[in-house]
Amino acid sequence: MIRLALVNLLLSILTLSLYRFWGKTRVRRLLWGGTTAWSDPVEYTGTGKELFTGFLIVLFLIYLPLAAGFGWAQVLVTTGNPLGGLAISLLYLLTVLLVAVGLYRARRYQMSRTRWRGIRGGQTGSGWGYALRSLAVWLAVPLSLGWAWPWGEMWLARYRFGNTTFGDRPLRCDATASGLYGRFALVWISGLVFTAAAVILVGAMEMAVEQEEYGEAVAGMVFTLLLLLVAAVTLVLPWAWYRAGFYRNLAAGIEFEGSRFSADTGAWRLMRLVAGNLLLTLFSLGILRPWASLRTFRYACAVIGVEGEPDFAAVHRSDDSGPKTGEGLAAVFDGAGEF
């Protein structure tokens with residue numbers, strides 16, 4: 001994986017980043033091909049050409065018209081036309097919805113290019129339906145001071161997994177946020193503690209600068225380091241504890257052909273995974289991001305379990321071959337994920 005990451009970097013530089021679509025495909029083939037279920041390997045059948053074609057379609061048909069629309073709206077604002085502000089707001093809303101649509105369609109493409117025992121995965125449902133649900137969650141969270149997040153996150157996850165298929169058979173997902181609110185309460189309280197600590201640090205920094213104890217640059221550096229330390233103490237562990245509970249709830253709510261899934265994950269293991277991936281990506285300037293993806297794949301395979309073996313004899317190939325091009329929206333809006 002490290003060798004592939006370095007080769008991808010070199011070829012991307014030589015091709016002015018155009019090779020990244022083929023590089024991403026090679027990374028996925030290595031990840032998928034190194035994963036087995038019931039002793040049979042998983043196969044990724046997508047191509048770089050499909051990713052590149054999807055990118056071009058969205059670039060010219062969606063992104064550039066949107067950019068032109070923002071430019072026109074900015075001209076209206078500059079000339080004092082009241083329609084300018086309205087136009088910008090509507091364009092921002094459309095952009096947010098398009099990002100959600102792009103993420104959903106990216107998952108549909110990846111599922112349709114995932115094959116095991118000659119049978120491909122799939123995803124039904126509506127990208128726009130998912131986007132509208134996402135918008136509802138994004139509105140509900142601030143209105144509820146954050147308390148709608150566990151419900152909203154699980155609601156969206158149920159839609160994704162409830163519309164996931166393997167061959168001609170769908171997964172069923174009845175996961176709920178029940179049991180998560182105790183964990184989320186600790187996250188919410190820790191958020192208040194962090195906010196209060198940040199306010200105190202800001203006041204202390206301003207006082208130190210006014211009394212000329214430290215220069216602005218030194219005070220800013222000290223403030224940043226202290227803020228990161230406070231965040232690590234007050235936010236990271238409660239959030240990891242909540243995420244571990246969320247993944248366990250979600251996995252336990254997914255069923256396929258008579259078998260239930262499980263996720264044996266915990267807060268410390270998640271923290272080590274995320275911290276390791278972050279350090280790998282930062283210190284390699286993103287070059288070793290595929291290695292971080294490999295760590296995530298290995299972690300998922302280590303913690304996901306299945307009760308018994310699904311009735312695969314009842315599963316047949318689906319006629320739906322998925323989208324012809326891949327992840328154009330997600331690629332253009334930079335939301336395609338780490339794989």
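The dialogue below goes through helix packing, burial and backbone angles in a predicted model.

Student: What should I know about the model before asking?

Tutor: The model is predicted, with local features needing pLDDT of at least 70 and side-chain atom pairs counting only at pLDDT 80 or more, while totals for chains, interfaces and linings use all residues. Residues are numbered from 1 along each chain as its sequence is written, and side-chain values use heavy atoms, with hydrogens and water left out.

Student: How many helices and strands does the chain have?

Tutor: There are 11 helices and 10 strands. Helices (H or I, at least four residues) and strands (E, at least two) are DSSP runs, numbered from the N terminus. The C-alpha trace spans about 75 × 50 × 45 Å along its principal axes.

Student: What share of the chain counts as buried?

Tutor: Of 339 residues, 41% count as buried. The cut-offs are on relative accessible area: buried is under 20%, exposed is over 50%, and partly exposed is in between (1.4 Å probe, protein chains only).

Student: How do you know that the span of α2 agrees with its number of residues?

Tutor: The expected span is 1.5 Å times one less than the number of residues. For the 14 residues of α2 (20-33), that gives 20 Å, and the end C-alpha atoms are 19 Å apart, so the two agree.

Student: Which residues of α2 are buried, and what covers them?

Tutor: F21, G23, T25, V27, R28, L31 and W32 are buried. Their cover includes α1, β2 (40-44), α3, α4, β3 (114-116) and α10 (289-303).

Student: Why are α1 and α2 called roughly antiparallel?

Tutor: Their axes come within 9 Å and cross at roughly 170°. Axes are lines fitted to C-alpha atoms, for helices over the stretch in contact, and angles run from 0 to 180 degrees between N-to-C directions. Angles under 35 degrees count as roughly parallel, over 145 as roughly antiparallel, 65 to 115 as roughly perpendicular and the rest as oblique. The angle is over 145, so α1 is roughly antiparallel to α2.

Student: Which residues make that contact?

Tutor: From α1 they are L4, V7, N8 and S12, and from α2 they are R20, G23, R26, V27 and L30. Contact means heavy atoms within 4.5 Å. By class, the α1 and α2 contact has four nonpolar, three polar and two charged residues. Ala, Val, Leu, Ile, Met, Phe, Trp, Tyr, Cys and Pro count as nonpolar, Asp, Glu, Lys and Arg as charged, and the others, Gly among them, as polar.

Student: What makes α2 and α3 oblique?

Tutor: They pack at about 135°, with axes 8 Å apart. That angle falls in none of the named ranges, so α2 and α3 are oblique to each other. Their crossing is right-handed; a crossing is left-handed if the near helix is turned anticlockwise from the far one by less than a right angle, and right-handed if clockwise. R20, F21, W22, K24, T25 and R28 in α2 meet G48, K49, L51, F52 and F55 in α3. This contact divides into five nonpolar, two polar and four charged residues.

Student: Why are α3 and α4 called roughly antiparallel?

Tutor: The axes of α3 (residues 48-78) and α4 (residues 83-112) come within 8 Å and cross at roughly 165°. This is over 145, so α3 and α4 are roughly antiparallel. The crossing is left-handed, and its contact has 16 nonpolar, five polar and one charged residues.

Student: What is the phi of L16, and how do you know whether L16 is buried or exposed?

Tutor: Phi of L16 is near 55°, a positive value in a residue other than glycine. Most residues other than glycine have a negative phi. L16 is in the loop between α1 (2-14) and α2. Its relative accessible area is 73%, over 50%, so L16 is exposed.

Student: Where is L145, and why does L145 count as exposed?

Tutor: L145 is in the loop between α5 (127-143) and α6 (149-162). Phi of L145 is also positive, near 55°. At 62% relative accessibility, L145 is over the 50% cut-off and so counts as exposed.

Student: What makes R133 partly exposed?

Tutor: R133, in helix α5, has a relative accessible area of 27%, which lies between 20% and 50%, so R133 is partly exposed. Not counting residues up to four places away in sequence, R133 touches W155, L156 and Y159. The C-alpha atoms of R133 and L156 are separated by 7.0 Å.
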